[in-house]
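Trainee: I have a new model open in the viewer and would like some help reading it. Could you walk me through its features one by one?

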Amino acid sequence: MSFEDLWPGLLPVGRARGGGYRRFSWTEADRECRAWFAQEAVRRGLTLERDRNGNLVAWWDTSADGDSGAPGDEGRADDGRRPDLLDDVGGGRRDAVLTGSHLDSVPDGGAYDGPLGVVSALAAIDLMRERGVTPSRPLGVAVFTEEEGARFGVACLGSRLMTGAIDPDRARGLRDGDGVSWADAIAAEGYDPGAIGPDPAFLGRVGCFVELHVEQGRVLDAPVGVGSAIWPHGRWRFDFTGQGNHAGTTLLGDRRDPMLPFARTVLAAREAAERYDAVATMGKVRVTPNGVNAIPSEVRAWLDTRAPDDAAVRATVAAIAAVAEEAAGWHGVDVGLSEESYTEVVDFHVDLRDRLVKTLGGAPVLPTGAGHDAGILSAHVPTAMLFVRNPTGVSHAPEEYAEPADCRAGAEALAAVLTDLACR
Ligand code: GLV
Ligand code: MN
Ligand code: MN
């Protein structure tokens, strides 16, 4: 099927009234996305694997001996092939080529962030088949779970669990806004919460990972580009605790209002970001009890900070934290700060990146400030990214967009890259 034939199948799933998407992990919309993926895998005769961590992989099995390419299968012995990038890394055992992305969304997110990579991967397989291309290596399409961290707070949770980048105990205890734990949420879907965690058997099979993604800014001025790096980024949580009280009867001097240091902290985030050439965002806040005529007892607020280098991120967060503490002191409020996740700078595998650029006849190379499962996997396997142009430059919002012609070009580019990587 062409990209255009595939894309509408997923479009209505999880779309909210304002046009944005709410595809949160382990909700009905997420189940529908997974069912759609399973159906497309079956339609293509791909072998669907469900790993221990909630991630899905559909494998194109072309080997004569029925090796599914799935985690746990024995790797093929040296077959006399010319050593290349994949063999160099794993001595011939790490021979699978993995592509894919994620299907979950941020609250009221766009249609393309994640799904574009999954749909393009399936379209690329169809293009390869139409052209009579048969991979000589296992080729997998992955759907990573909870990439956005929109429900449980830690981005790229599925790939972090798989690679050991998060402690399984911590993951089990992550809670959504209603207090449901990750352990309970996955148990309800039939997973064993005790079995989550690093999956070296899976990673040991993967020779390289290529994630196609919509570009999330306006930098890319060609249909398709190749990723060079991901800015270091992280999430921090401020807990401002004061004294809930009456809005009419409590004199200003008697108040311990956590909203005041919170407000100062929001402004400090902007100031610090400007000072250190970073970006800082406070886009989520939870006020308790959230009443018009009550001084809040608690304000919980999240900070997202990113910059081209780790030092700038750390300096930005330290400056914001200092202001938060000072302002909390002025208002008799307690403040706690915790780091919920951090991803260091990612420089994608240079040989793989160059190989993609060459395969695509000299595509532009660009870094990104957005986080991706590719960034998590890159610490373990050679990893690269393809970006598809976004004319609005908007992402994590309903206006996120890519032209159909650019989406087609993305699927073509991915097919060319997978053909190059998986067919030699
Ligand atoms: C994910 O898209 C992120 O960059 O937060
Ligand atoms: Mn995103
Ligand atoms: Mn994404």
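Trainee: Which strands does helix H9 lie across?

Mentor: When a helix rests on a sheet, look for the strands it touches and compare directions. This is a predicted model, and in it helix H9 (residues 259-275) lies across S7, S9 and S11. Its direction is at about 170° to that of S9. Helix H10 (residues 310-330) also packs on the sheet, with contacts to S7, S9, S11 and S12. Helix H10 makes an angle of about 165° with S12.

Trainee: In what order do the four strands of that sheet stand?

Mentor: To read a sheet, walk across it from strand to strand. Here the order is S9-S11-S7-S12, the sheet is open, and the pairing is antiparallel. Strand S9 (279-288) and strand S12 (334-343) are at the edges; each has a single partner strand, so one side of each lacks a neighbour in the sheet. On average, neighbouring strands are turned by 15° against each other, direction ignored.

Trainee: How many bridges join S7 and S11?

Mentor: Bridges let you match residues on paired strands. Strand S7 (residues 233-241) pairs with strand S11 (residues 298-306) over nine bridges, in the antiparallel sense. Two of the matches are worth finding in the viewer. His233 has Arg306 in S11 as its bridge partner, and Arg235 has Asp304 in S11. S7 also pairs with S12 in the antiparallel sense, over nine bridges. There, Arg237 stands opposite Ser338 in S12.

Trainee: And how many residues of S7 are buried?

Mentor: Eight of the nine residues of S7 are buried, so to speak of the strand as mostly covered is fair. As a general idea to keep in mind, side chains in a regular strand alternate between the two faces of the sheet.

Trainee: Let me turn to the ligands. Which residues surround ligand 1?

Mentor: Start with the neighbours, then look for polar atoms that come together. Ligand 1 is surrounded by Asp113, Glu148, Arg306, Ala370, Gly371 and His396. A polar side-chain atom of Arg306 lies 2.7 Å from an oxygen atom of ligand 1. Gly371 contributes a backbone N or O atom, 2.7 Å from an oxygen atom of the ligand. For His396, a polar side-chain atom lies 3.1 Å from an oxygen atom of ligand 1. You met Arg306 before, as the bridge partner of His233.

Trainee: Which residues coordinate the manganese ion (ligand 2)?

Mentor: For a metal, list the donor atoms and then see where their residues sit in the chain. The manganese ion (ligand 2) is coordinated by Asp113 (OD), Glu148 (OE), Glu148 (OE) and His396 (NE2), at 2.0 to 2.7 Å. The spacing of these donor residues in sequence is D-x34-E-x247-H. Asp113 is in the loop between strand S3 (96-102) and helix H4 (115-130), and His396 is in the loop between strand S15 (383-388) and helix H13 (404-422), so the pair ties together parts 283 residues apart in sequence.

Trainee: Is Asp113 buried or exposed?

Mentor: Asp113 is buried, with a relative accessible area of 5%. His396 is partly exposed, at 38%.

Trainee: What are the protein donors of the manganese ion (ligand 3)?

Mentor: They are His102 (NE2), Asp113 (OD) and His213 (NE2), lying 2.0 to 2.2 Å from the ion. In sequence these donor residues are spaced H-x10-D-x99-H. Asp113 in the loop between S3 and H4 and His213 in strand S5 (residues 206-214) link distant parts of the chain, 100 residues apart. His213 is buried, with 0% relative accessibility. Asp113 coordinates both manganese ions, ligand 3 and ligand 2, which are 3.6 Å apart.

Trainee: Where is Tyr401 found?

Mentor: To place a single residue, ask about its element, its exposure and its neighbours. Tyr401 is in the loop between S15 and H13, and it is partly exposed, with a relative accessible area of 30%. Tyr401 touches several residues more than four places away in sequence, including Tyr112, Val214 and Arg389. The side chain of Tyr401 also makes a polar contact with the side chain of Glu403, at 3.4 Å. Finally, Tyr401 and Glu215 are 186 residues apart in sequence, but 9.3 Å apart in space, C-alpha to C-alpha.

Definitions and conventions. Residues are numbered from 1 along each chain as its sequence is written. Chains are lettered from A and ligands numbered from 1 in the order in which they are written. This is a predicted model: local features need pLDDT of at least 70, side-chain atom pairs count only at pLDDT 80 or more; totals for chains, interfaces and linings use all residues. Side-chain values use heavy atoms; hydrogens and water are left out. Donors are N, O and S atoms within 2.8 Å of the metal (3.2 Å for Na, K and Ca); water is not among the atoms, so sites may look incomplete. Helices (H or I, at least four residues) and strands (E, at least two) are DSSP runs, numbered from the N terminus. Buried means under 20% relative accessible area, exposed over 50%, partly exposed in between (1.4 Å probe, protein chains only). Two strands pair if DSSP finds at least two bridges between them. Axes are lines fitted to C-alpha atoms, for helices over the stretch in contact, and angles run from 0 to 180 degrees between N-to-C directions. Contact means heavy atoms within 4.5 Å. A residue is near a molecule or strand if one of its heavy atoms lies within 4 Å of it. A polar contact is a pair of N or O atoms within 3.5 Å; within protein, one must be able to donate a hydrogen and the other to accept it, and residues adjacent in sequence count only if both atoms are side-chain atoms.
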